[in-house]
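User: I am new to this structure. Can you teach me how to read it, one feature at a time?

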Amino acid sequence: MQAVATSLRAFGKRLVVQRDEPETVSPGGIALPETNDNRPATGTVLSIGPLVNKDASRFEDTIKEGARIYFHPYAGQAITHEGDEFHVITSDDVFAFVDA
């Protein structure tokens, strides 16, 4: 997947994100249906557009490749590249970082 990620480049204030896989079993052991309602709103940033961190002086943190983020679950556009699904979102759709 890393070679695929390097062949995708984001433009402007956009990010290419690999969304986390949805859970198929609840914590109680119940099988969950495959619907868009349980899409995770977390993922890993694979590519950053050149304008994403342009106003970084306004923020304490900047978005970096490899960062784990929370974003709006219906944000952006899903794309398929070389058989893998990615999401292109704007930096404004990111509202939290996940600390490692």
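The dialogue below goes from the overall fold to a single residue.

Analyst: Keep one thing in mind from the start. This is a predicted model.

User: Where do I begin? Which helices and strands does the protein have?

Analyst: Begin with the inventory. The protein has one helix and six strands. Then read their order along the sequence: the pattern is α-β-β-β-β-β-β.

User: How are the strands arranged in the sheet?

Analyst: Order in a sheet is read across the strands. Here six strands form an open sheet, in the order β4-β5-β1-β2-β3-β6, and the pairing is antiparallel. At the edges are β4 (77–81) and β6, each of which pairs on one side only. From one strand to the next, the twist averages 45°.

User: How many bridges join β1 and β2?

Analyst: Look at one pair in detail. Five bridges link β1 (residues 14–19) to β2 (residues 42–48), in the antiparallel sense. For a landmark, find glutamine 18: opposite this residue, in β2, stands threonine 44.

User: What share of the residues is buried?

Analyst: Of the 100 residues, 30% count as buried. Now take the outside. The accessible surface is about 6,800 Å², and carbon and sulfur atoms account for 51% of that surface.

User: Which residues make up the largest nonpolar core?

Analyst: The general idea comes first. Nonpolar side chains in soluble globular proteins tend to be buried together. In this model the largest nonpolar core has eleven residues, including Leu15, Val17, Val45, Phe71 and Ile89. Strands β1 and β3 (68–71) each supply at least two residues of this core. Another core lies apart from it, with five residues, among them Leu8, Val16, Leu46 and Phe86.

User: What does one core member, Ile63, touch?

Analyst: Skip residues up to four places away in sequence. Isoleucine 63 then touches Leu15, Val45, Ile48, Val52, Asn53, Ser91, Val94 and Phe97. Across the protein, take the contacts between residues at least 6 apart in sequence: 64% of them join residues at least 24 apart.

User: Ser91 is on that list. Is serine 91 buried or exposed?

Analyst: Use the cut-off: buried means under 20% relative accessible area. Serine 91 has 11%, so this residue is buried.

User: Where does serine 91 lie, and what is it in contact with?

Analyst: Serine 91 lies in the loop between β5 (84–90) and β6 (94–98). Leaving aside neighbours within four places in sequence, serine 91 is in contact with Lys13, Leu15, Val52 and Ile63. Leu15, Val52 and Ile63 belong to the largest nonpolar core.

Note on methods: Residues are numbered from 1 along each chain as its sequence is written. This is a predicted model: local features need pLDDT of at least 70, side-chain atom pairs count only at pLDDT 80 or more; totals for chains, interfaces and linings use all residues. Side-chain values use heavy atoms; hydrogens and water are left out. Helices (H or I, at least four residues) and strands (E, at least two) are DSSP runs, numbered from the N terminus. Buried means under 20% relative accessible area, exposed over 50%, partly exposed in between (1.4 Å probe, protein chains only). Contact means heavy atoms within 4.5 Å. Accessible areas come from the Shrake-Rupley method with a 1.4 Å probe; for residues, only the protein chains shown count as cover. Two strands pair if DSSP finds at least two bridges between them. Axes are lines fitted to C-alpha atoms, for helices over the stretch in contact, and angles run from 0 to 180 degrees between N-to-C directions. A nonpolar core is a set of buried Ala, Val, Leu, Ile, Met, Phe, Trp, Tyr and Cys residues joined through side-chain atoms within 4.5 Å.
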